[in-house]
Amino acid sequence: MRHITRKRLLSFFLAMALILTFSPISAAATYAPEEHEIDEDVAVTIAMLFVWANIGESEWNRKTTVDNIIPMYNNSDEVCAYCINLKNGSTNAGYIIVSTNLYEPLIQEYSDTESIDISDGLNTESVSRSHLANNSDSRIYYYGPLNYSTSKMDVPVVMSENSSELSNYQNAVKYIELIKQYGLIPSVSTHDEDNGIVDPIEYLEARYPDATIRNAGYYNIGDNSIARYKIKEWNACAVYGVAAIIHYYLPTYSCNTIASHCEQIARDKGYATLAYNDRGEQKWNYYISLGNLAPFARECAAYYNLDKSISSSMLTWSTGTSEISNGRPILLSIASSDQYSDHTVTAFAWTRFHVSGVGTYMDFFKVKAGYISESRYVCYQTVTGSFITKFV
C-alpha cells in the first residue's frame, strides 16, 4: 500500500495533458454541480484510465478489471471516495482510491499488488482485508491517504493552498467533462437482475423474424433526464426511483444525496424495517409495500418542499404514457414480467410498434432500473400486475 508518487503518475498526467490540450472546454466555464459529480461509474472510469496509463510500469495489464467497488464516507456520512478493487483474472491486482472532491487530487492512493487493510489506517484494531473487499455492512470512513476507519474519527482538516485547489478543480472539471463525452466505463453491478431490453426492435425481430416492424408512436422526455442511479441498498428500488424523480424536478441537489435522505425518511417513518438477509446478516430492508409508495414519496417530496400531487394508478399504460408525454416521469412498479419481477423502475419514455403479419401492437417503457447505469426497455405485453406512481 502506498501514496501515489511522481514517477507513477507521470504517464497518467501526460495522457490527461494530451486530452486537455486538444479540448475546446474553457476552464472558466461554469457547470451545474450534478454535471461533474463523481459517482460510481465516473470513479471506475478514472481508475481504469489510471490503470491503462501505467501498463508497463506496474503489475497491471490489458486484462486488469474491476473486482468490486466500495464507497467510503466522511463524518457527514456522505460518499467522499470510492475504493476500486482490481483483479487480473482471479488474482488480486491491488486497488485505487478515487476522491469525489474535485478540489483535491482525484487519485488519492493505490497499489498494484496489495489489498487495502483497515488496520493500516486510523483504526488500529485488527480488521481482515476481506472485511473491506467483500463489501461488508460496516461503513468505511476515509480521511485521506492511508487514513481509514470503521468508525468516525476526530481528524484535523488540513487546508491546502487556494491556487492548488483551484487548479485541481479546473483540471477535474475538464477531465470529467471529457470522459463523459467520450463514454464511461460501466462499474461492476452488484446485481444480476439486469434482464432489461437494450433494443426493442432487435427484441421484436427475434420474436417475430418474418414480420415487418414499424414504429407507431413514441415520446421521450430525454435519455439524460433521469440520473444514472445505481441501487446500493437492500430492496431499495422504490427509494432510488423516488430520489431520481425528485432530482429530475430539483436538479441542483445530487441524486445520491436525495437518495440518502429518502433512506433516512424510510427508516424514521417505518417504511424500512430491520431484517435478516439470506446470509443471516441484519440489514435495513427498504422494500416499500403495495399502497405505501405514494405516501412514502409524499414524505420525501415534502422534505424538499417539492409541491407535487403524488398518487398511484393501476391504469399503467394509458396513464403512464400520458404522464410521460406531458414531461413527467413516472415510477413503474412491476409484479412480474420477462424483464423484471417485484421491482420498481423509473420510466421516462414510451414507444409503440406495429408488428405486421401478426396484427398486433407491442408497447415499451424506457426506464432506469437501477441495476446498471444505462437505460433499458420493458415490454408492457409481458408485464403481469403493475401500477404507476405519478408526480403531477
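# Helices and cores: a quick chat

User: Which way do H6 and H7 lie to each other?

Analyst: H6 and H7 are oblique to each other. Keep in mind that this is a predicted model. The axes of the two helices cross at roughly 130° and come within 8 Å. An angle over 145 degrees would count as roughly antiparallel, and 65 to 115 as roughly perpendicular. The crossing angle of H6 and H7 falls in neither range, so the pair is called oblique.

User: What's the handedness of that crossing?

Analyst: Right-handed, for H6 and H7.

User: Which residues of H6 and H7 meet?

Analyst: From H6, Val239, Tyr240, Val242, Ala243, Ala244, Ile246 and His247 take part. Their partners in H7 are Cys255, Ile258, Ala259, Cys262 and Glu263. By class, this contact has 10 nonpolar, 1 polar and 1 charged residues.

User: And H6 with H8, at what angle do they cross?

Analyst: The axes of H6 and H8 cross at roughly 45° and come within 10 Å. H6 and H8 are therefore oblique to each other. The crossing of H6 and H8 is right-handed.

User: Which residues of H6 and H8 meet there?

Analyst: Ala238, Val239, Val242 and Ile246 on the H6 side. On the H8 side, the residues are Leu293, Phe296, Ala297, Cys300 and Ala301. The class count for H6 with H8 is 9 nonpolar, no polar and no charged.

User: OK, zooming out. How many residues does the largest nonpolar core have?

Analyst: It has 55 residues. Val242, Ile246, Cys262, Leu293, Phe296 and Phe365 have the most contacts inside it. Several helices and strands each supply at least two residues, including H7 (255-268), H8 (293-303), E13 (343-356) and E14 (360-368). H6 gives the largest share of this core, 9 residues.

User: Why would nonpolar side chains be buried together?

Analyst: That is a general tendency of nonpolar side chains in soluble globular proteins.

User: What does Leu293 touch?

Analyst: Setting aside residues up to four places away in sequence, Leu293 touches Ala238, Val242, Ile288, Leu331, Ser333, Thr344, Phe387 and Thr389. Apart from the largest core lies another one, of 27 residues. Ile38, Ala47, Val98 and Leu106 are among its members.

User: Switching to Ala347. Buried or exposed?

Analyst: Buried. The relative accessible area of Ala347 is 0%, and the cut-off for buried is under 20%. Ala347 lies in strand E13.

User: What is Ala347 in contact with?

Analyst: Beyond its neighbours within four places in sequence, Ala347 contacts Ile324, Pro329, Ile330, Phe365, Lys366 and Val367.

User: How far apart are Ala347 and Ile388 in space?

Analyst: C-alpha to C-alpha, 9.4 Å. In sequence, Ala347 and Ile388 are 41 residues apart.

User: Last topic, backbone angles. What about phi at Asp77?

Analyst: Asp77 has a positive phi, about 60°, although it is not a glycine. Asp77 sits in the loop between strand E2 (64-73) and strand E3 (79-88). With 29% relative accessibility, Asp77 counts as partly exposed.

User: And what is phi at Asp342?

Analyst: About 45°, so a positive value for this residue, which is not a glycine. Asp342 is found in the loop between E12 and E13.

User: How exposed is Asp342?

Analyst: Partly. The relative accessible area of Asp342 is 46%. Exposed would need over 50%.

Definitions and conventions
Residues numbered from 1 in each chain as written. Predicted model: local features only at pLDDT ≥ 70, side-chain atom pairs only at ≥ 80, totals over all residues. Heavy atoms only, no water. Core = buried A, V, L, I, M, F, W, Y, C linked by side-chain atoms within 4.5 Å. Buried < 20%, exposed > 50% of the residue type's maximum accessible area, 1.4 Å probe, protein only. Helix = DSSP H or I, 4+ residues; strand = E, 2+ residues; numbered from the N terminus. Contact = heavy atoms within 4.5 Å. Axes fitted to C-alpha atoms, helices over the stretch in contact; angles between N-to-C directions. Parallel < 35°, antiparallel > 145°, perpendicular 65-115°, else oblique. Left-handed = near helix turned anticlockwise from the far one by under 90°. Nonpolar A, V, L, I, M, F, W, Y, C, P; charged D, E, K, R; others polar.
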